[in-house]
Amino acid sequence: MTAGTPTDAHIIALSALAATLTDERRARRFLDVTGIGTDDLRSRVDDAGLLRAVIGFLEAHEPDLVAVSEQIGLKPEQLVAAGRALETYEDPT
């Protein structure tokens, strides 16, 4: 993979982040649980650690995992697999 080229797992996690943030209740809970502020979120949107945190957040609450998976057109296990793939991803920067 070339530096700066997103992986499928990255794209899936970014989609999950967008879906998480489009639901006001889920977005507030994500920000509260992770302690990430909106400015920090903006600056770290492409950070593998943040993307892993999004999927971990969804895994911790199955209704959210299922809802976000449906919203982005994947099965929940595909979303979880993307999170696992991000665990082994090392940022080239």
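**Exercise 1. Arg-44 and its partner**

Task: Classify Arg-44 as buried, partly exposed or exposed, and find which residue forms a salt bridge with Arg-44.

Solution. Step 1: Arg-44 has a relative accessibility of 28%, so Arg-44 counts as partly exposed. The model is a predicted one. Step 2: the salt-bridge partner of Arg-44 is Asp-47, with the closest N and O atoms 3.1 Å apart. Step 3: Asp-47 is partly exposed too, its relative accessible area being 28%.

**Exercise 2. A salt bridge inside one helix**

Task: Describe the salt bridge between Arg-42 and Asp-39, and state how the two residues are placed in helix H3.

Solution. Step 1: the side chains of Arg-42 and Asp-39 meet at 3.0 Å, N to O. Step 2: helix H3 covers residues 38-43, and the two residues are 3 apart within it, so about one helical turn separates them. Step 3: Arg-42 and Asp-39 are both exposed.

**Exercise 3. A salt bridge between helices**

Task: Determine which helices are linked by the salt bridge of Arg-29 and Asp-64, and how accessible each partner is.

Solution. Step 1: the closest N and O atoms of Arg-29 and Asp-64 are 2.2 Å apart. Step 2: Arg-29 lies in helix H2 and Asp-64 in helix H5; with their positions 35 residues apart, the pair links distant parts of the chain. Step 3: Arg-29 is partly exposed at 26% relative accessibility, whereas Asp-64 is buried at 1%. The cut-off for buried is under 20%. Step 4: Arg-29 and Asp-64 also belong to a network of salt bridges that includes Arg-25 and Arg-26. In the whole structure, a search finds 9 salt bridges.

**Exercise 4. The two sides of helix H5**

Task: Work out where the buried residues of helix H5 sit around its axis, and what covers them.

Solution. Step 1: helix H5 spans residues 62-72, and its buried residues are Asp-64, Leu-65, Val-68 and Ser-69. Step 2: these residues cover an arc of only 130° around the axis, which means that they lie on the same side of H5. Step 3: the face turned away from that side carries the exposed residues Glu-62, Pro-63 and Glu-70. Step 4: the cover over the buried residues includes helices H1 (8-22), H2 (24-34), H4 (48-59) and H6 (76-87). Step 5: just after H5, Gly-73 takes a positive phi of about 80°.

**Exercise 5. The surroundings of Ser-69**

Task: Establish what the side chain of Ser-69 reaches, and which residues are in contact with Ser-69 beyond four places in sequence.

Solution. Step 1: Ser-69 is part of helix H5 and counts as buried, at 1% relative accessibility. Step 2: the side chain of Ser-69 reaches the backbone oxygen of Leu-65 at 2.7 Å. Step 3: with neighbours within four places set aside, Ser-69 is in contact with Leu-74, Lys-75, Pro-76 and Leu-79.

**Exercise 6. The aromatic pair**

Task: Describe the geometry of the aromatic pair of Phe-30 and Phe-57, and state which helices it ties together.

Solution. Step 1: the structure holds 1 aromatic pair. Phe-30 and Phe-57 are edge-to-face, at 5.2 Å centre to centre and with 70° between the planes. An angle over 60 degrees counts as edge-to-face. Step 2: Phe-30 is in helix H2 and Phe-57 in helix H4, so the pair ties together parts 27 residues apart in sequence. Step 3: Phe-30 is buried at 0% relative accessible area, and Phe-57 is buried at 6%.

How values were computed
Residues are numbered from 1 along each chain as its sequence is written. Side-chain values use heavy atoms; hydrogens and water are left out. Buried means under 20% relative accessible area, exposed over 50%, partly exposed in between (1.4 Å probe, protein chains only). Helices (H or I, at least four residues) and strands (E, at least two) are DSSP runs, numbered from the N terminus. The arc is that of the directions from the helix axis to the C-beta atoms. Contact means heavy atoms within 4.5 Å. A polar contact is a pair of N or O atoms within 3.5 Å; within protein, one must be able to donate a hydrogen and the other to accept it, and residues adjacent in sequence count only if both atoms are side-chain atoms. Rings of Phe, Tyr and Trp (its six-membered ring) pair if their centres lie within 6.5 Å; planes under 30 degrees apart count as stacked, over 60 as edge-to-face and the rest as tilted. A salt bridge is a side-chain nitrogen of Lys or Arg within 4 Å of a carboxyl oxygen of Asp or Glu.
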